[in-house]
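Here is a short set of exercises to try with the structure open beside you. Have a go at each task before reading its solution.

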Amino acid sequence: MHMAVEPAETPLTPESWGKLGMWIFLVGDAVGFGVLLAGYGVMRATSADWPSPYDVLGINLTALMTFLLICSSVTMVKALEWLGKGDRVRAIRFLLFTALGGAIFVCLQAYEWSHLIHRGLHINGNPWGASLFGTSFFIVTGFHGLHVTGGVIYLLSMVRWVLNRPDPGDSYNGVEIAGLYWHFVDLVWIMVFTFMYLL
Amino acid sequence: MAGTEHKHPNYMAIFWTLAILTVVEIGVIFLPFGKFTNGVLLCGLALGKAALVAMYFMHLRFEARTLGVVAITPLAIATLLVFVLLPDGFAVAKKSQVKGAAAAAPAKH
């Protein structure tokens, strides 16, 4: 019987199988976030006492967090750009800036959570109306916060990985794949910020 | 394995566009157009910002078209899910309203 031979390169991302792997992971992850946000939207639309999020949560801090993630996406692409030019030192500096942005984001989220918990918002209770508001808020922002935390660890491991490669060009592909994950985290926050804070 | 370099778009232009759109989003919640119109505007702005991140920061614009189709699938699934769940959500809400009204009404005997 004639056996089909697997092609050496993927037609979707010819330069790297790893990149295709990350895209497949991200699409699956996006379905997870999509389902959470769709569920949130339906619960909100059908609830009689859903509070107005921007009145009870406050958006000043989260607007700052949004700006921070957008900045960290720019530092990520800059890291890749410098790596492409063969400047490993600048690339690592921008990778560290990106990780720092993510770490500050997680700290701000922890501050926001502790502030809201202190005001009475819990995973099974909400002083301003429907208790599912608290449930959905902590699950969605918590799931995203875990992604940011994972992303910071991933970026720091990439710094070590870039340092250990003799030629900066050898790490371009790996950093680009890490960047895909980081930008996805930013993209998801754009949706979370709109749907859970502004709408 | 050495990777193939992509074209690098003007990242600072994308950054400023995203920052300005975020400010516009915050401004939209104070507009007096009503919940529905404001909601449509906010969804449009969020999708626009997400598209900018995907196309330029994630380089989707420079990838194969099929990858773009694969990437947009979760959005289609989530949108479909909203319409699948809404009728059930409204039915449950209506049922609990009827139950609440029956409990509030005085007993006949």
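The exercises below go from one chain to the interface, and then to the empty spaces.

The model is predicted, so local features need pLDDT of at least 70 and side-chain atom pairs count only at pLDDT 80 or more, while totals for chains, interfaces and linings use all residues. Residues are numbered from 1 along each chain as its sequence is written, chains are lettered from A and ligands numbered from 1 in the order in which they are written, and side-chain values use heavy atoms, with hydrogens and water left out.

**Exercise 1. Describe the fold of chain A, and then place Arg88(A) in it.**

Step 1: Start with the elements. Chain A has six helices and zero strands (DSSP runs numbered from the N terminus, with helices being H or I of at least four residues and strands E of at least two). The order along the sequence is α-α-α-α-α-α.

Step 2: Take the dimensions. The C-alpha trace of chain A spans about 60 × 50 × 20 Å along its principal axes.

Step 3: Find the residue. Arg88(A) belongs to helix α4, residues 88-118.

Step 4: List its partners. Leaving aside residues up to four places away in sequence, Arg88(A) touches Val162(A), Leu163(A), Arg165(A), Pro166(A) and Pro168(A) (contact means heavy atoms within 4.5 Å). A polar atom of the Arg88(A) side chain lies 2.9 Å from the backbone oxygen of Val162(A). Ser171(A), 83 residues away in sequence, has its C-alpha 9.6 Å from that of Arg88(A).

**Exercise 2. Characterise the interface of chain A and chain B.**

Step 1: Count the residues. In chain A, 48 residues are in contact with 45 residues of chain B.

Step 2: Take the area. About 4100 Å² is buried between the chains, and carbon and sulfur atoms give 80% of this (buried area is the accessible area, with a 1.4 Å probe, that two parts lose on being put together, summed over both).

Step 3: Look for charge pairs. The rule finds one salt bridge across the interface (a side-chain nitrogen of Lys or Arg within 4 Å of a carboxyl oxygen of Asp or Glu). Lys19(A) and Glu63(B) form a salt bridge, with their closest N and O atoms 2.7 Å apart.

Step 4: Sort the chain A side. Here α1, α3 (60-84) and α6 (172-198) of chain A each give two or more residues. The largest share, 14 residues, comes from α6(A). By class, this side has 31 nonpolar, eleven polar and six charged residues (Ala, Val, Leu, Ile, Met, Phe, Trp, Tyr, Cys and Pro count as nonpolar, Asp, Glu, Lys and Arg as charged, and the others, Gly among them, as polar).

**Exercise 3. Find the largest cavity and say what lines it.**

Step 1: Search. The whole structure holds one cavity of 30 Å³ or more (on a 1 Å grid over the protein atoms alone, a set of points where a 1.4 Å probe fits but cannot get out; lining residues have an atom within 4 Å of a point).

Step 2: Take the volume. The largest cavity comes to about 70 Å³ (grid points are joined across faces, edges and corners, and a volume is the space filled by probe spheres set on the points).

Step 3: Read the lining. Among the residues there are Met76(A), His183(A), Phe57(B) and His59(B). With five residues, α6(A) gives the most. The lining divides into seven nonpolar, three polar and one charged residues.

How values were computed. 1 Å grid on protein atoms, 1.4 Å probe; cavity = no way out; pocket = protein on both sides within 12 Å on 5 of 7 lines; lining within 4 Å. Polar contact = N/O pair within 3.5 Å; in protein donor to acceptor, adjacent residues only side chain to side chain.
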